[in-house]
Amino acid sequence: MRYLVHRCKHAVPFLWRIHALHHSDPDVDVTTTVRLHPIEYLLNSGVFWLTVILLGIPATVVLTYGLASFAIEALQHGNIRLPERLERFLQPVLVTVDTHRIHHSVAFAQGSCNYATIFSVWDRLFKTYTRLTRAQHDRIVFGVRELPRRDCLKPSAMLLTPWRIHHATAAE
């Protein structure tokens with residue numbers, strides 16, 4: 001469900017305008033994990049709880065998933081580098097730091113991949129998995145091309161992000 005919702009956030013113009021705040025961070029770090037527009041928090045919560053209720057997921061599973069998911073996402077957005085050998089070992093199963101960093105690139109081809117949150121199998125299954133060399137990683141530029149970098153750290157400008165995006169979707 002998370003994979004599908006994330007893909008929609010990049011493909012549906014209204015959802016991209018809201019999700020763009022998360023991608024506008026010019027320096028991806030642990031704070032990027034919680035850099036979401038309030039409307040996106042509400043939408044995420046609605047989809048999450050609707051799924052939990054419809055599937056009858058036990059409270060202990062919900063709690064465990066929530067804690068694990070947040071920890072993994074904080075690590076993925078962290079300004080860290082895992083040893084290259086560990087990255088290669090984990091990538092067939094898990095979304096790693098390097099795998100997720102690609103998704104935050106301003107370059108369309110890079111930003112339009114690696115949507116999965118925890119398990120990289122979803123990106124492999126739907127053919128959205130991309131891997132880069134270390135040299136290519138070092139050249140990634142983060143942010144949203146349509147938003148001035150100087151405004152991306154101002155709280156007032158951040159709240160207005162959905163109305164400041166000129167392009168309708170991440171795909172344009």
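Let me begin at Gly 56, which follows helix H3 and has a positive phi, near 65°. Before going further, I should say that this is a predicted model, in which local features need pLDDT of at least 70 and side-chain atom pairs count only at pLDDT 80 or more, while totals for chains, interfaces and linings use all residues. Residues are numbered from 1 along each chain as its sequence is written, and side-chain values use heavy atoms, with hydrogens and water left out.

Helices here are DSSP runs of H or I with at least four residues, numbered from the N terminus. H3 covers residues 38-55, and its 18 residues reach 26 Å from the first C-alpha to the last, close to the 26 Å expected at 1.5 Å a residue, where the expected span is 1.5 Å times one less than the number of residues.

Which residues of H3 are buried? They are Glu 40, Thr 51 and Val 52, buried meaning under 20% relative accessible area and exposed over 50%, with a 1.4 Å probe and protein chains only. These buried residues cover an arc of only 100° around the axis, which puts them on the same side of H3; the arc is that of the directions from the helix axis to the C-beta atoms. On the face turned away from that buried side, we find the exposed residues Leu 42, Leu 50, Ile 53 and Leu 54. What covers the buried residues includes helix H1 (2-11), helix H2 (13-23) and helix H4 (59-77), with contact meaning heavy atoms within 4.5 Å.

How values were computed. Helix = DSSP H or I, 4+ residues; strand = E, 2+ residues; numbered from the N terminus.
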